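Me: Before I set up any calculation on this protein and its ligand, I would like to go through the side-chain pairs, the ligand shell and the cysteines step by step.

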Amino acid sequence: MKLAIIGECMIELSNSEGELYQLNYGGDTLNTAIYLSRCGGEVEYVTALSDDVFSNKMLENWQSQGVGVKHVKQIANSVPGLYLIENEANGERHFHYWRSNSPAKFLLEQCPEIFKELEEYDALFLSGITLSIYSEASRAKLFEFLNKYRDKGGKVIFDNNYRPKSWLSLNEASKTFNQIMNLTDIALLSMEDEISLHGEHSIEYCIERWLKAGASEVVVKNGPNGILTANSMGKFEFDVPNVVKPIDTTAAGDSFNGAFLANKAKGESLEKCIRAGQFCAAQVILHKGAIVPREVTLIEE
Ligand code: ADP
């Protein structure tokens, strides 16, 4: 299965000591792409950057991690999005964003040729964060494209990743999430985010909603409490086999997705995909930061 991932990666500044900030690059969908590659899969990342020094460093970095960049557009005279993580002494983290003019936001408007390019993929992955960066007009174009793409047999894979701050209102977010729900084949959901979006409800009800909307496979991630899935064969529950005491839960869901999709692309069973995702995520949360050092083993022997 040929897979492309659509989203945004930004410059990340995090303060480790007083006013000294460390520079990294981060974004939910990029994390998924990197873990997918590190778990043995092949993937192209779809976004827009600028042609500045940071954009070029990002491109180099992604390539060195095995992520394909042939669809990454470079829009001149712009700067990539940036976010700053403020670490309080009590361990609490606050995120501040400078992304309202980032090139990724304008990808679908300024580089419409991307739609044609995406047709060559068997599956496209995107997240709630991906949707939040686009204008309403861009989202309408994307949904129109996804509709036709699915008619021709393409599969849409979606992770809800709901960040309230990235939306104008809960109403705008829930309307958009309902639109993508009707266009999703494989849903990789965080139960916590589903509840933030739609109020308190059971995992069973969540699964029913997505199946009814047309998904053929639904995977609901529920932290250390396990995973509930449903497909045409029925509903299945998976405990987390190795519950760990996390050091940093950043990218737990993203790394799960990466390993899951690397296995899915190879045609592995749902159980194998889930187990690979659980193993990878459990390793990732034992390390600080979204992307763990390359020597960490992410595939179960
Ligand atoms: P998200 O970040 O999308 O909300 P989760 O919090 O459910 O996703 O975490 C994703 C996956 O990470 C879980 O399905 C589980 O496999 C793994 N995970 C989360 N917390 C733990 C933990 N304490 N021990 C082991 N694995 C965990």
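The questions and replies below go through a predicted model.

Me: In which helix do K148 and E144 lie, given that their side chains meet in a salt bridge?
Reply: The side chains of K148 and E144 meet in a salt bridge with an N to O distance of 3.6 Å, which is within the 4 Å cut-off for such a pair. K148 is partly exposed at 48% relative accessibility, and E144 is also partly exposed, at 47%. Because the two residues are 4 apart in one helix, about one helical turn separates them, and that helix, covering residues 136-151, is α6.

Me: How many residues apart in sequence are the parts tied together by D185 and R150?
Reply: D185 forms a salt bridge with R150, and their closest N and O atoms are 3.0 Å apart. D185 lies in the loop between α7 (170-181) and β11 (186-190), whereas R150 lies in helix α6, so the pair ties together parts whose separation in sequence is 35 residues.

Me: Which partner in the salt bridge between R163 and D193 is buried?
Reply: The closest N and O atoms of R163 and D193 are 3.5 Å apart, and the pair ties the loop between β10 (155-159) and α7 to helix α8 (residues 191-198), parts that are 30 residues apart in sequence. R163 has a relative accessible area of 34% and is therefore partly exposed. With a relative accessible area of 10%, which is under the 20% limit, the buried partner is D193.

Me: How many salt bridges does a search of the whole structure find?
Reply: Beyond the pairs discussed above, K2, K70 and E120 are linked in a network of salt bridges. A search of the whole structure gives a total of 17.

Me: What percentage of the area that the ligand exposes when taken alone does the protein bury?
Reply: Backbone atoms make several approaches to the ligand: a polar backbone atom of N222 is 3.5 Å from a ligand oxygen, a backbone N or O atom of G223 is 2.6 Å from a ligand oxygen, and one of V244 is 2.9 Å from a ligand nitrogen. Taken alone, the ligand exposes 550 Å², and the share of this that the protein buries is 88%.

Me: How many charged residues does the shell around the ligand have?
Reply: There are 16 residues around the ligand, and S190, G223, V244, G253 and A281 come nearest. Helices α10 (252-265) and α11 (270-284) each supply at least two residues of this shell. By class, the shell has 9 nonpolar and 6 polar residues, and the number of charged residues is 1.

Me: How many of the residues of helix α1 are buried?
Reply: Helix α1 covers residues 28-38 and is largely enclosed by the rest of the structure. Its buried residues include charged ones, D28 and R38 among them. Just after the helix, G40 takes a positive phi of about 95 degrees. The count of buried residues in α1 is 11 of the 11.

Me: Why do C39 and C280 form no disulfide, and what is the distance between their sulfur atoms?
Reply: C39 is buried with a relative accessible area of 5%, and C280 is buried at 0%. A disulfide would need the two sulfur atoms within 2.5 Å, and the search of the whole structure finds 0 disulfides. The closest cysteine sulfur to that of C39 is the one in C280, which is too far for a bond at 4.0 Å.

How values were computed: Residues numbered from 1 in each chain as written. Predicted model: local features only at pLDDT ≥ 70, side-chain atom pairs only at ≥ 80, totals over all residues. Heavy atoms only, no water. Buried < 20%, exposed > 50% of the residue type's maximum accessible area, 1.4 Å probe, protein only. Near = heavy atom within 4 Å. Polar contact = N/O pair within 3.5 Å; in protein donor to acceptor, adjacent residues only side chain to side chain. Areas by Shrake-Rupley, 256 points an atom, 1.4 Å probe, with all protein chains shown as cover.
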